[in-house]
Amino acid sequence: MRFYNSDGNAYDVVLASDGVDNAFVKSINHRGYGDAPENTLPAYIMSCKKGFKYVECDVALTADGVPVLLHDDTIDRTSDGTGAISEMTLTEVRAYDFGSWKSADYTGTKIPTFEEFINLCRDLSLHPYIEIKDTAVYS
């Protein structure tokens with residue numbers, strides 16, 4: 001379908017009704033597939049295996065400024081550690097297990113960096129939707 005802006009310039013928009021496959025997002029897998037620990041690489045690998053093409057993640061910063069995948073402002077709920085992500089370096093937070101709370105199958109899963117997530121999305125042809133967590137709550 002062709003539209004024109006106020007300057008008379010044309011632009012094309014593909015609509016689902018045009019019969020193009022994947023012309024719109026059908027569903028976004030929130031924090032990765034639910035059988036795996038949220039916001040971990042295994043969760044996004046499982047998303048791909050289950051047929052999802054779009055995945056959402058949450059990004060927070062460590063004390064040394066490294067973006068990692070984490071929904072909460074603390075690691076308490078999703079790891080075997082406690083504390084605010086903003087007060088831990090990447091090295092410190094990588095010492096914790098982010099998988100065993102979900103299942104023994106995921107024991108030893110580490111918190112992924114945003115770079116690792118983006119590389120995985122590229123390798124698996126996943127389309128990422130990214131929520132940057134408000135760093136004001138982490139200060």
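Read from the N terminus, the elements of the chain follow the order β-β-β-α-β-β-α-α-β. That adds up to three helices and six strands, all in a model that is predicted. The chain runs to 139 residues, and buried residues make up 33% of them. As for how the chain packs against itself, take the contacts with a separation of 6 or more: 50% of these are accounted for by residues 24 or more positions apart. On the outside, the accessible surface comes to about 7,900 Å², with 51% of that belonging to carbon and sulfur atoms.

Part of that surface is worth a look for its isoleucines. Ile118, Ile130 and Ile132 form a nonpolar patch there, and together they offer about 260 Å² of accessible area. Ile130, one of the three, sits in strand S6, which spans residues 127–132. Its relative accessible area is 39%, so Ile130 counts as partly exposed; the partly exposed class lies between the under 20% of buried residues and the over 50% of exposed ones.

Helix H3 covers residues 114–124, and Glu115 is found in it. Glu115 is exposed because its relative accessible area, at 57%, falls in the class set at over 50%. Glu115 also gives a handle on how distant parts of the sequence are placed in space: Leu69 is 46 residues away along the chain, yet the C-alpha atoms of the two residues are separated by 9.7 Å.

Note on methods
Residues are numbered from 1 along each chain as its sequence is written. This is a predicted model: local features need pLDDT of at least 70, side-chain atom pairs count only at pLDDT 80 or more; totals for chains, interfaces and linings use all residues. Side-chain values use heavy atoms; hydrogens and water are left out. Patches are made of residues with over 30% relative accessible area and no salt bridge: like charges are joined within 9 Å, nonpolar side chains (Val, Leu, Ile, Met, Phe, Trp, Tyr) within 5 Å. Accessible areas come from the Shrake-Rupley method with a 1.4 Å probe; for residues, only the protein chains shown count as cover. A salt bridge is a side-chain nitrogen of Lys or Arg within 4 Å of a carboxyl oxygen of Asp or Glu. Helices (H or I, at least four residues) and strands (E, at least two) are DSSP runs, numbered from the N terminus. Buried means under 20% relative accessible area, exposed over 50%, partly exposed in between (1.4 Å probe, protein chains only). Contact means heavy atoms within 4.5 Å.
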